[in-house]
Protein chains: 2
Amino acid sequence: MPFPLPPGSTIGILGGGQLGRMLALAAARLGFDVAILTPEPGSPASRVAAHTVISAYDDPSALGELARLSDVVTFEFENVPAAAIERLAALGAQTAPNARSLATAQDRIAEKRFFEAEGVPTVAFAQIDSAADIGPALERLGAPALLKTRREGYDGKGQAWVESAADAETAFAAIGNAPAVLEAKCPFVREVSVIAARGRDGRVAAYPLSENRHENGILRRSIAPAQASDATAAQARAIVATVLEKLDYVGVIGVEMFELADGSLLVNEFAPRVHNSGHWTADACQVDQFEQHIRAVAGWPLGPTDMLAAAEMLNLLGEEALDPALAADPMARLWLYGKVGAAPGRKMGHVTRLKPLKSPSPNLCPLGRG
Amino acid sequence: MPFPLPPGSTIGILGGGQLGRMLALAAARLGFDVAILTPEPGSPASRVAAHTVISAYDDPSALGELARLSDVVTFEFENVPAAAIERLAALGAQTAPNARSLATAQDRIAEKRFFEAEGVPTVAFAQIDSAADIGPALERLGAPALLKTRREGYDGKGQAWVESAADAETAFAAIGNAPAVLEAKCPFVREVSVIAARGRDGRVAAYPLSENRHENGILRRSIAPAQASDATAAQARAIVATVLEKLDYVGVIGVEMFELADGSLLVNEFAPRVHNSGHWTADACQVDQFEQHIRAVAGWPLGPTDMLAAAEMLNLLGEEALDPALAADPMARLWLYGKVGAAPGRKMGHVTRLKPLKSPSPNLCPLGRG
């Protein structure tokens with residue numbers, strides 16, 4: 001085994017967006033080079049990477065080139081074909097997370113069946129292969145229920161609420177008549193997420209729970225630590241540990257959950273990658289989710305996940321990122337992604353604001369009460 | 001004037017070493033691209049830059065290419081020819097810091113005369129053009145005294161102690177018979193430095209004083225904040241403000257000083273760039289020296305310089321950087337520079353350790369006592 005990778009090794013990344021860019025910056029901090037494979041010329045990640053391969057994700061010769069360049073290959077985008085990871089593995093490349101984790105995350109039915117099989121609480125659901133499946137499912141799940149495509153939805157795309165069986169055809173058409181899942185409406189009081197990592201040694205490290213607020217299906221704001229009871233936080237950590245271990249996962253994962261009125265949690269979904277709701281770690285933790293992912297896939301020990309400060313992260317959508325007041329605000333930690341074209345709703349950057357923690361970690365956090 | 005530069009602009013950097021690499025990472029955070037000009041293929045900085053020009057620093061066509069690529073040009077290395085900055089300016093490029101600041105820093109006699117002219121206290125010195133100048137100078141300055149080449153010395157290179165007039169020929173030969181300065185021995189109790197920045201709006205922001213410990217002429221350790229009285233810290237801030245204003249400086253500067261037994265300061269020298277003794281800012285401040293420099297040269301408002309934590313930075317020389325215990329130490333914030341070849345004494349990385357501040361900043365530091 002080549003792990004731990006020595007500094008100077010190359011981390012391959014499938015995908016060239018802002019997550020890849022922030023992973024590349026974290027890799028550079030540890031002395032690694034990065035090779036990006038992306039179909040997009042001039043992508044945010046490739047502009048800070050030593051190597052770029054411009055190609056479709058499933059091009060065999062491009063995957064071969066990435067495998068040759070890289071000592072380990074990971075991804076920043078969960079819609080890369082799982083077959084690309086399998087192909088890289090067949091070429092002898094080290095890859096992480098594994099193809100099974102990616103494939104499970106890509107199919108909402110496979111994901112929910114995985115949760116059920118492993119005793120991870122999730123919302124009641126039904127598999128929908130045609131509009132005709134919606135009526136009976138709605139009877140079991142109750143109305144309204146949320147119809148989602150099995151594959152490729154994100155930021156609220158590919159979703160439609162179903163109010164009654166009469167809506168079945170319309171809703172199914174609204175999501176493109178694609179194979180789908182119907183989910184019972186969850187009476188949550190809060191949306192939270194846990195960002196966690198599993199190393200090649202099997203060790204798991206979770207960051208504190210984050211509370212997430214969405215607008216129009218897009219993450220708007222994450223607040224950490226979430227206002228949650230110790231029992232809720234413990235359940236969240238137990239869930240994420242189960243998911244990581246049962247998938248034999250290596251790397252950072254983002255697990256989105258609903259908190260119910262009694263403080264218990266239902267899992268919504270997981271993202272097999274660094275996650276927007278963990279961006280605050282870059283300003284509030286000694287080792288952020290990006291460095292943690294690089295550490296994990298490179299076979300290094302995981303770093304501490306203690307918070308040095310409480311944090312609130314705000315996504316900057318479209319032209320919001322161009323507001324000069326952000327650069328002038330001494331309390332605003334600004335991240336801009338180098339994207340060309342500030343289309344409305346497009347994630348162009350984010351800003352994190354820190355404030356003192358009520359209860360600093362007694363061990364690893366150096367910034368307690370002195 | 002093109003300032004403030006919008007995100008997506010390109011920052012040109014002369015020099016491809018670790019300082020350029022950390023500047024490039026900071027620029028990326030703010031959505032800028034970077035173009036590196038360096039004679040070294042595969043340099044640490046160019047591996048995280050969107051553009052690289054491989055060339056000698058004085059090549060006119062390479063400078064032309066850098067000027068075309070860049071919206072502003074800066075440098076990470078004080079031995080780039082000041083003529084290169086002048087050439088870039090003549091090509092219409094925006095440059096910062098200015099050529100005068102660079103030229104002053106490159107010539108220890110010019111630098112000391114600048115300090116004298118501006119009332120900045122510095123060690124007594126004499127200009128040495130030949131070995132014959134040493135005897136009379138030694139009589140005035142006292143023995144022993146330190147002979148330094150006027151140009152291009154760093155990390156203790158190009159220096160020799162002169163114990164008596166009889167050493168004159170030997171010492172002058174030891175520094176290559178080059179034009180030199182002889183400096184009186186300074187009875188300092190501590191070596192300290194101030195990292196500060198001046199923006200295009202003339203605003204000055206200084207980080208807290210750092211205490212620096214050298215070994216074999218190489219910076220080994222920086223501790224911040226330095227144990228210094230309020231009066232000493234105030235004198236340091238006044239000195240750095242004078243230097244920045246009188247040079248009409250834009251960007252980050254590192255000013256090295258000797259603290260005497262009575263707490264007063266004598267300036268040793270300044271570096272017209274980000275400085276090794278300010279690396280701790282990357283882990284202990286909201287805006288570090290690298291982002292501060294990018295902000296300054298891009299015409300952005302300067303960021304806060306408050307410390308979130310006390311910090312101690314240790315340079316990793318040669319094979320020290322390969323010690324696996326560093327990656328496993330949860331209190332060690334590790335930076336590796338991606339250099340190939342861990343020659344003894346070569347700066348390969350650094351590690352910062354944080355601990356609670358005794359007196360957190362009441363205003364901008366969010367991590368006080370809650």
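Hi everyone, I'll walk you through a sheet in chain A and then a helix contact between chains A and B. One thing to keep in mind is that this is a predicted model.

Let's begin with the sheet. In chain A, four strands form an open sheet with parallel pairing. Reading across, the order is β3-β2-β1-β4. So which strands stand at the edges? They are β3 (51–54) and β4 (72–75) of chain A, and each has a single partner strand, so one side of each is left without a neighbour in the sheet. From one strand to the next, the twist averages 20 degrees.

Now look at one pair in chain A, β1 (residues 10–14) and β2 (residues 33–38). These two strands run parallel and are joined by five bridges. If you'd like a spot to find on screen, try A:Ile13, which stands opposite A:Ile36 in β2(A).

Next, the helices. Here we have helix α1 (residues 18–29) of chain A and helix α1 (residues 18–29) of chain B, whose axes come within 11 Å and cross at roughly 160 degrees. Anything over 145 degrees counts as roughly antiparallel, and that is why α1(A) and α1(B) are described as roughly antiparallel to each other. The crossing of α1(A) past α1(B) is left-handed.

And which residues meet there? From α1(A) we have A:Arg21, A:Leu25 and A:Ala28, and they meet B:Arg21, B:Leu25 and B:Ala28 in α1(B). Sorted by character, the residues of this contact are four nonpolar and two charged, with no polar ones.

That's my tour, thanks for listening!

Notes. Residues are numbered from 1 along each chain as its sequence is written. Chains are lettered from A and ligands numbered from 1 in the order in which they are written. This is a predicted model: local features need pLDDT of at least 70, side-chain atom pairs count only at pLDDT 80 or more; totals for chains, interfaces and linings use all residues. Axes are lines fitted to C-alpha atoms, for helices over the stretch in contact, and angles run from 0 to 180 degrees between N-to-C directions. Angles under 35 degrees count as roughly parallel, over 145 as roughly antiparallel, 65 to 115 as roughly perpendicular and the rest as oblique. A crossing is left-handed if the near helix is turned anticlockwise from the far one by less than a right angle, and right-handed if clockwise. Two residues are in contact if their C-beta atoms, placed from the backbone, lie within 7 Å. Ala, Val, Leu, Ile, Met, Phe, Trp, Tyr, Cys and Pro count as nonpolar, Asp, Glu, Lys and Arg as charged, and the others, Gly among them, as polar. Two strands pair if DSSP finds at least two bridges between them.
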